[in-house]
Amino acid sequence: MEINALSEDLKDKFFMAEALKEAHRAFDMGEVPIGCVITQSDKIIARAANERTTKGNAISHAEITAISAACEAVGDWRLEGCRLYVTIEPCPMCAGAIIQARIPVVVYGAKNPKAGCAGSILNILEEPRFNHQARVVSGVYEDECAGLMKEFFLRFRKFFRGPL
């Protein structure tokens, strides 16, 4: 079956599963497990995993890296016909980049209660005072996305504290 024949809900699940693959890749690198894919016409044009620690760069978030790759793929800074899928609610920096890139739809898995800017702390993506807004779809594979984060931080804390 072709992906474009699927309902929007099934497409969201299909592409979030791809973002989860990127999150698992980040996990395997010892990074906070966040993954992102960007689609255009139901095809993945960019994918990225969080690589802040690996690259030693504060802006190497999955969304920023994927947006950069998507802009290169389409040959423009405007990503108006695209959808961004990310495993964790975007932070302020990533939400700002999404608005600047004119991405019309953002689908995320789990909330980010400490830095989320798609509704948890702020909602930059749907702020009507900006010249562009993104429709937000949340909770796609929420348990899997949140579970991967919980597993990462349990291991991280155990590693740095040692056995109890």
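Strand 1 (35–40) and strand 2 (43–49) form a hairpin, with two residues between them. Helices and strands here are DSSP runs numbered from the N terminus, with at least four residues of H or I for a helix and at least two of E for a strand. The structure is a predicted model, in which local features need pLDDT of at least 70 and side-chain atom pairs count only at pLDDT 80 or more, while totals for chains, interfaces and linings use all residues. Residues are numbered from 1 along each chain as its sequence is written, and side-chain values use heavy atoms, with hydrogens and water left out.

In the turn of the hairpin, Ser41 has a positive phi of about 55 degrees. Asp42 lies in the loop between the two strands. Its phi is near 60 degrees, a positive value in a residue other than glycine. Asp42 counts as partly exposed because its relative accessibility is 21%; the class lies between buried, under 20% relative accessible area, and exposed, over 50%, with a 1.4 Å probe and protein chains only. The two strands of the hairpin run antiparallel and are joined by six bridges. Within this pairing, Thr39 stands opposite Ile44 in strand 2.

Strand 1 also pairs with strand 3 (residues 82–88). Two strands count as paired if DSSP finds at least two bridges between them. Here the sense is antiparallel, over five bridges. Cys36 stands opposite Val86 in strand 3, and Ile38 stands opposite Leu84. Strand 1 is mostly covered, with five of its six residues buried.

These pairings belong to an open sheet of five strands. The order is 2-1-3-4-5, and the pairing is mixed. Strand 2 and strand 5 (135–138) stand at the edges with a single partner strand each, so one side of each is left without a neighbour in the sheet. From one strand to the next, the twist averages 20 degrees. Helix 3 (residues 62–74) packs on the sheet. The helix touches strand 1, strand 2 and strand 3, contact meaning heavy atoms within 4.5 Å. The direction of helix 3 makes about 145 degrees with that of strand 2. Such angles run from 0 to 180 degrees between N-to-C directions, and axes are lines fitted to C-alpha atoms, for helices over the stretch in contact.

Helix 3 also meets helix 4 (92–100). Their axes come within 9 Å and cross at roughly 20 degrees. Helix 3 is therefore roughly parallel to helix 4, a class for angles under 35 degrees, against over 145 for roughly antiparallel, 65 to 115 for roughly perpendicular and oblique for the rest. The crossing is left-handed, the near helix being turned anticlockwise from the far one by less than a right angle. Glu63, Ile64 and Ile67 in helix 3 meet Met93, Cys94, Ala97 and Ile98 in helix 4. The residues of this contact divide into six nonpolar, no polar and one charged. In this scheme Ala, Val, Leu, Ile, Met, Phe, Trp, Tyr, Cys and Pro count as nonpolar, Asp, Glu, Lys and Arg as charged, and the others, Gly among them, as polar.

Helix 4 has several buried residues: Cys94, Ala95, Ala97, Ile98 and Ile99. Their cover includes helix 3, strand 3 and strand 4. Just after helix 4, Arg102 takes a positive phi of about 65 degrees, although Arg102 is not a glycine. This residue lies in the loop between helix 4 and strand 4 (105–110). Arg102 counts as buried because its relative accessibility is 18%.

Two glutamates are buried as well. Glu22 is placed in helix 1 (residues 8–28). Its relative accessible area is 7%. Beyond residues up to four places away in sequence, Glu22 touches Ile34, Gly35, Cys36, Arg47, Ala48 and Ala49. Glu89 is found in the loop between strand 3 and helix 4. Its relative accessibility is 2%, so Glu89 counts as buried. Glu89 and Gly109 are 20 residues apart in sequence and 6.9 Å apart in space, C-alpha to C-alpha. With residues up to four places away in sequence left out, the contacts of Glu89 include Tyr108, Ala110, Lys111 and Asn112. Gly116, Cys117, Ala118, Gly119 and Ser120 are also touched by Glu89.
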